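Here is a short tour of a small protein chain, written to be read with the structure open beside you. We start with the sheet, move on to the overall build, and then visit a few residues one by one.

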Amino acid sequence: NELEEKYPQQFMRIHRNALVARRAVRALEKHFDPEEGEGWAVRLNGIDELLAVSRRQLSAVREAIAA
């Protein structure tokens, strides 16, 4: 929480337990997780793994990517 509050222009919350650097976000993608079902995830520069975006954070992540 401290990083998110201190540096809101550099970081964004994508899940209750995950912050990412805004500049590292490459795309928001729909994906299917066998345990969670259909959902959304972000793809980061230089990382193959998708990071899940919670339903609660989805609209804020969409806004941040569109800006």
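In what order do the 3 strands of the open sheet lie? In this predicted model, the order is S3-S4-S5, with antiparallel pairing. S3 and S5 (50-53) are the edge strands, each pairing on one side only. From one strand to the next, the twist averages 40 degrees.

**The sheet, pair by pair**

Let us take the two pairings in turn. Strand S3 (residues 25-33) and strand S4 (residues 37-44) run antiparallel and are joined by 8 bridges. These two strands form a hairpin, with 3 residues between them. If you would like a landmark in this pairing, look for His31, which stands opposite Gly39 in S4.

On to the other pairing: S4 and S5 also run antiparallel, joined by 4 bridges. Two landmarks help here. Arg43 stands opposite Leu50 in S5, and Ala41 has Ala52 in S5 as its bridge partner. S4 and S5 form a hairpin too, with 5 residues between them. In that turn, Gly46 has a positive phi of about 80 degrees.

What packs on the sheet? Helix H2 (residues 58-66) does, touching S3, S4 and S5. The direction of H2 makes about 145 degrees with that of S3.

**The chain as a whole**

Stepping back, the protein chain has 2 helices and 5 strands. Read from the N terminus, the elements run α-β-β-β-β-β-α. The C-alpha trace spans about 35 × 25 × 20 Å along its principal axes. A compact globule of 67 residues would have a radius of gyration near 11 Å, and the 12 Å of the protein chain agrees with that.

Of the 67 residues, 27% count as buried. The protein chain exposes about 5,200 Å², and carbon and sulfur atoms supply 45% of this area. Among contacts with a separation of 6 or more, those between residues 24 or more positions apart account for 27%.

**Four residues to visit**

The table sets out where four residues sit and how accessible they are.

| Residue | Place | Relative accessibility | Class |
|---|---|---|---|
| Arg13 | strand S1 (residues 11-15) | 13% | buried |
| Ile14 | strand S1 | 1% | buried |
| Val20 | strand S2 (residues 18-21) | 5% | buried |
| Arg55 | loop between S5 and H2 | 80% | exposed |

Ile14 counts as buried because its relative accessibility is 1%, and buried means under 20%. Leaving aside neighbours within four places in sequence, Ile14 is in contact with Val20, Val42, Leu51, Ala52, Val53, Ser54, Gln57 and Val61. The C-alpha atoms of Ile14 and Gln57 are 5.6 Å apart, although the two residues are 43 residues apart in sequence.

Val20 is buried as well, with a relative accessible area of 5%. Which residues does Val20 contact, leaving aside its neighbours within four places in sequence? They are Gln10, Phe11, Met12, Ile14, Val25, Leu44 and Leu51. Val20 and Arg43 are 23 residues apart in sequence, and 10 Å separates their C-alpha atoms.

Now for the two arginines in the table: is Arg13 buried or exposed? At 13% relative accessibility, Arg13 counts as buried. The side chain of Arg13 makes a polar contact of 3.3 Å with the side chain of Asn1. A polar atom of the Arg13 side chain also lies 3.0 Å from the backbone oxygen of Arg16. Not counting residues up to four places away in sequence, Arg13 touches Asn1, Glu4, Ala18, Leu19, Gln57 and Val61.

Arg55, in the loop between S5 and H2, counts as exposed because its relative accessibility is 80%, and exposed means over 50%. The C-alpha atoms of Arg55 and Trp40 are separated by 8.0 Å, with their positions 15 residues apart along the chain.

**Putting it together**

To recap the picture, the open sheet has the order S3-S4-S5, and H2 packs on it. Ile14 in strand S1 is in contact with Val20, with Leu51 and Ala52, and with Val61. Val20 in strand S2 is in contact with Leu51 too.

Notes
Residues are numbered from 1 along each chain as its sequence is written. This is a predicted model: local features need pLDDT of at least 70, side-chain atom pairs count only at pLDDT 80 or more; totals for chains, interfaces and linings use all residues. Side-chain values use heavy atoms; hydrogens and water are left out. Buried means under 20% relative accessible area, exposed over 50%, partly exposed in between (1.4 Å probe, protein chains only). A polar contact is a pair of N or O atoms within 3.5 Å; within protein, one must be able to donate a hydrogen and the other to accept it, and residues adjacent in sequence count only if both atoms are side-chain atoms. Contact means heavy atoms within 4.5 Å. Two strands pair if DSSP finds at least two bridges between them. Axes are lines fitted to C-alpha atoms, for helices over the stretch in contact, and angles run from 0 to 180 degrees between N-to-C directions. The radius of gyration is taken over C-alpha atoms; the globule rule is 2.2 Å times the number of residues to the power 0.38. Accessible areas come from the Shrake-Rupley method with a 1.4 Å probe; for residues, only the protein chains shown count as cover.
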